[in-house]
Every structure is written in structure tokens, then in C-alpha cells.
Amino acid sequence: MDYKLIIKDIQAKKLEKIYFLHGEEAYFIDEITKAITENALEEHERDFNQVIIYGKDAEPLSLMSELKNYPMMAARKLVILKEAQDFKQMDDLESYFEHPSDTTIFVVNYKYKTFDARKKLMKFATTNGIVFKSEKVKDYQLGSWIEFYLKTLGFKITSKASMLLSEFLGNDLGRIVNEIDKLAILIEKDTTINDIHIEENIGISKDYNVFELNN
């Protein structure tokens, strides 16, 4: 399922009990998690009903307790397991994934690698929620992705400028978005971004190529 469609459903308040987000590209995982954080609870509900736990600090029993506890003065609670790749006891949550709470949204951020899809836990997660595999954008698709992202901000970009960005920054979408967002502050909307804009505002010279950058 495309990450944009997942976010569209979240913004429409069509929320699942489980979001298991895994894969090499952290950007899509972060964007889906951000959408859930912004839409699952009202601002005044978050203090008591939003829990963020990091994988290296997580303990199965306390995590299960958080997942099963009822929300306070709200229809639901939100539990986010960040850096879940550092949580070594994920299999201990299998029973929860099989029978998740109706009043909890559980978000798993398993970044930079994929989780074993053959495990029962993943089958239960797919049945009772959404499993999203976040894959790196292929090098040949980067130009189109940059154009799409800039279009959402109200800009266009020349092919030369797009190539400069993708050659210099690689396929690290988080880094690309960060540089584009800074550029968008400096340039008027509806501008077609060219290599001069890139050189003057991001510091990437068109005289560079991949081999010189590596050197």
C-alpha cells in the first residue's frame, strides 16, 4: 500500500489498531508516524494517552501493560514503539498482535531493515492492522520523487537541478527533504528551481560529479 494512501486514511480518521512500519527508508516511516501522532488524539488528550517507548528501553511486560490499559478521558490511546529494531523480544508480543486492544493504536517503527515476514506476528499484524514495508527509492526514480515533493510545496525544478540534488545527496530522502524545505523558505512559490538556486542556497556546485564528490 502506498504511504500517501495510508496517510490519507489517517487524516480522514480511518485509524487501524496496529501499524507495523518496517524497512530501509526511514522517511516514509517517520511521515506515517507523524500523521498518526497529529490525527489519532486531540491535543488535550495526548498528555495521558500518548506513550512513546524506545526499543532499547522496552520491556515486554510493561509494554503489554501500556497496550492493554484503557485510555483516560478519551476514546483511544496511542502507543509508539520507536527504534523497534533495538527491541530484541518482539516475538513476546505475538499474543497482542493476535488479539489487539480495541482502544489502543499501536505503532511500531522498525527502521533501516525489514522484519521477517514469515513470522506469525506479522501475519497477525496484517490481519488486525497495516504492515507497511518502507523501501528505498531507486536511483532512477529519485528525479521524479524530487519533482513530486516540490510540486506539493508549490515549486517546479529543472532536470539539471534535480540531478544535482540526487547526485550530491544520494537517495537519503530525509536529507533531501531537509534541504528542499530550507530552500522553499528562501524562494518564492511557483518558482522553477534551477541549478543556480541549488548552488547559491544549498552549496552544491554543478561542476561536481559523483566521482569528484567521492574523492
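Q: Which elements each supply at least two residues of the lining of the second largest pocket?
A: This is a predicted model, where local features need pLDDT of at least 70, side-chain atom pairs count only at pLDDT 80 or more, and totals for chains, interfaces and linings use all residues. Residues are numbered from 1 along each chain as its sequence is written, and side-chain values use heavy atoms, with hydrogens and water left out. A pocket is an open set of points on a 1 Å grid over the protein atoms alone, where a 1.4 Å probe fits and protein lies on both sides within 12 Å along at least five of seven lines; lining residues have an atom within 4 Å of a point. With helices (H or I, at least four residues) and strands (E, at least two) taken as DSSP runs numbered from the N terminus, the elements you want are α1, β5 (130–133) and α7.

Q: How many charged residues are in the lining of the second largest pocket?
A: This pocket holds about 240 Å³ of space (the space filled by probe spheres set on grid points, which are joined across faces, edges and corners). Its lining has 14 residues, with D2, Y3, F28, E135 and V137 nearest the centre. Sort that lining by class (Asp, Glu, Lys and Arg are charged; Ala, Val, Leu, Ile, Met, Phe, Trp, Tyr, Cys and Pro are nonpolar; the others, Gly among them, are polar), and you get six nonpolar, two polar and, for charged, six.

Q: Which helix gives the largest share of the lining of the largest pocket?
A: About 360 Å³ of space lies in the largest pocket. Its lining counts 15 residues, and Y3, I7, Q11, Y27 and E31 are the closest to the centre. At least two lining residues come from each of α1 (3–11), α2 (26–39) and α7 (142–153). The largest share, six residues, belongs to α2.

Q: Which helix gives the most residues to the largest nonpolar core?
A: A nonpolar core is a set of buried Ala, Val, Leu, Ile, Met, Phe, Trp, Tyr and Cys residues joined through side-chain atoms within 4.5 Å. The largest one has 41 residues, and Y19, I32, I36 and W145 touch the most other members. Six of its residues come from the top contributor, α2.

Q: How many residues are in the second, separate core?
A: Look for V51, M64, L93 and F115, which are among its members. One of them, V51, sits with I53 on the covered face of strand β2 (residues 50–54). The residue count of this second core is 24.

Q: Which residue in β3 stands opposite Y54?
A: Y54 is on the uncovered face of β2, along with Q50 and I52. β2 runs parallel to β3 (residues 77–82), and five bridges join the two (DSSP must find at least two for strands to pair). Opposite Y54 you'll find K82.

Q: Is I176 buried or exposed?
A: I176 is part of helix α9 (residues 173–186). Leaving out residues up to four places away in sequence, I176 touches L142, I146, L169 and G170 (contact means heavy atoms within 4.5 Å). Since its relative accessible area is 0%, and the cut-offs are under 20% for buried, over 50% for exposed and in between for partly exposed (1.4 Å probe, protein chains only), I176 is buried.

Q: Which residue follows α8, and what is its phi near?
A: In helix α8 (residues 159–169), A161, S162, L164, L165, S166 and L169 are buried. Their cover includes α7, β6 (156–157), α9, β7 (192–193) and α10 (195–202). Straight after α8 comes a residue with a positive phi, G170, near 70°.

Q: What is the phi of K13, about?
A: Most residues other than glycine have a negative phi. K13 is found in the loop between α1 and β1 (18–23), and N39 of helix α2 touches K13 as well as I10, Q11 and L15, not counting residues up to four places away in sequence. K13 counts as partly exposed because its relative accessibility is 44%. Although K13 is not a glycine, its phi is positive, at about 65°.

Q: What is the relative accessible area of E83?
A: E83 lies in the loop between β3 and α5 (94–98). Its phi is positive, near 50°, though E83 is a residue other than glycine. E83 is partly exposed because its relative accessible area is 31%.
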